[in-house]
Amino acid sequence: MDICPNCKSKLNIDEKSSGKCFSCGTTFESSLPKGNTQFNYQSSGNTVAKAIKTCGIAIIIAGTILSFIVAGGSGGQYEFSLIQFITPEFMSIIGGLIFIGFSEIIQLLEDIKNKLK
């Protein structure tokens with residue numbers, strides 16, 4: 001079934017699999033098996049997006065470790081400085097989250113490209 005029986009609008013793959021027209025809300029017999037859509041979003045993965053996400057996580061972890069080292073000060077006595085910890089830690093978290101955000105954008109663009117095929 002490619003057309004809604006009620007409003008006669010063209011049904012997309014999501015509407016066909018759910019058995020509900022998103023335009024008018026009419027329910028109908030699904031023409032696709034449940035849970036088996038054209039694309040498997042969980043298994044499809046963009047390797048570039050995964051690599052960028054891994055880099056983002058590594059930046060956050062390395063930044064946290066280095067922030068503790070910087071905050072410890074120099075010399076023989078270890079004295080923790082909160083101000084010297086917060087600045088590099090904040091920068092590493094923001095940098096890592098930017099990388100993770102870019103990886104999500106790349107994955108979403110890949111999913112859109114796959115839907116348009």
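These legends describe close-up views of a predicted model.

**View 1. The whole chain is built from three helices and zero strands.**
Along the sequence, the elements follow the pattern α-α-α. The chain has 117 residues, and 23% of them count as buried. Its exposed surface is about 8,200 Å², of which carbon and sulfur atoms supply 65%. Taking contacts between residues at least 6 apart in sequence, 42% join residues at least 24 apart.

**View 2. Helix α2 packs its buried residues against α3.**
Helix α2 has 25 residues. From its first C-alpha to its last, α2 reaches 36 Å, close to the 36 Å expected at 1.5 Å a residue. The buried residues in this helix are A49, G56, G63, S67 and A71. Which helix do these buried residues of α2 pack against? They pack against α3.

**View 3. Helix α3 covers residues 82-116.**
This helix has 35 residues and reaches 51 Å from its first C-alpha to its last. That span is close to the 51 Å expected at 1.5 Å a residue. Buried residues in α3 are F85, E89, S92, G96, I100, S103, Q107, D111 and N114. The packing partner of these buried residues is α2, which spans residues 47-71.

**View 4. N46 caps the N-terminal end of α2.**
N46 is found in the loop between α1 (residues 13-18) and α2. A side-chain oxygen of N46 lies 3.0 Å from the backbone nitrogen of V48. Is N46 buried or exposed? Its relative accessible area is 14%, which is under the 20% limit, so N46 is buried. Leaving aside residues up to four places away in sequence, N46 touches I106, Q107 and E110. With E110 there is also a polar contact of 3.4 Å between the two side chains. Of the residues that N46 touches, Q107 is listed among the buried residues of α3.

**View 5. K53 and E104 form a salt bridge.**
The structure holds two salt bridges, and this view shows one of them. Side chains of opposite charge can pair when their charged atoms come close. In the pair of K53 and E104, the closest N and O atoms are 3.8 Å apart. K53 lies in helix α2 and E104 in helix α3, so the salt bridge ties together parts that are 51 residues apart in sequence. K53 counts as partly exposed, at 34% relative accessibility. E104 is partly exposed as well, with a relative accessible area of 39%.

**View 6. E110 and K113 form a salt bridge within helix α3.**
The closest N and O atoms of E110 and K113 are 3.9 Å apart. Both residues lie in α3, with three residues' separation, about one turn of the helix. How accessible is E110, and what is it called at that value? E110 has a relative accessible area of 23% and is partly exposed. K113, at 43% relative accessibility, also counts as partly exposed. The side chain of E110 takes part in the polar contact with N46 shown in View 4.

**View 7. F68, F80 and F85 form one aromatic cluster.**
The structure contains three aromatic pairs. In one of them, the ring centres of F68 and F80 are 6.2 Å apart and the planes meet at 40°, so the pair is tilted. F68 lies in helix α2 and F80 in the loop between α2 and α3, so this pair ties together parts that are 12 residues apart in sequence. F80 and F85 form another tilted pair, with 5.6 Å from centre to centre and 45° between the planes. What sets the exposure class of each ring-bearing residue is its relative accessible area. F68 counts as partly exposed at 41% relative accessibility, and F80 is partly exposed at 38%. F85 has a relative accessible area of 15% and is buried. F85 is also one of the buried residues of α3, and the buried residues of that helix pack against α2.

Notes: Residues numbered from 1 in each chain as written. Predicted model: local features only at pLDDT ≥ 70, side-chain atom pairs only at ≥ 80, totals over all residues. Heavy atoms only, no water. Helix = DSSP H or I, 4+ residues; strand = E, 2+ residues; numbered from the N terminus. Expected span 1.5 Å × (residues − 1). Buried < 20%, exposed > 50% of the residue type's maximum accessible area, 1.4 Å probe, protein only. Contact = heavy atoms within 4.5 Å. Polar contact = N/O pair within 3.5 Å; in protein donor to acceptor, adjacent residues only side chain to side chain. Areas by Shrake-Rupley, 256 points an atom, 1.4 Å probe, with all protein chains shown as cover. Salt bridge = Lys/Arg side-chain N within 4 Å of Asp/Glu carboxyl O. Phe/Tyr/Trp six-rings, centres within 6.5 Å; stacked < 30°, edge-to-face > 60°.
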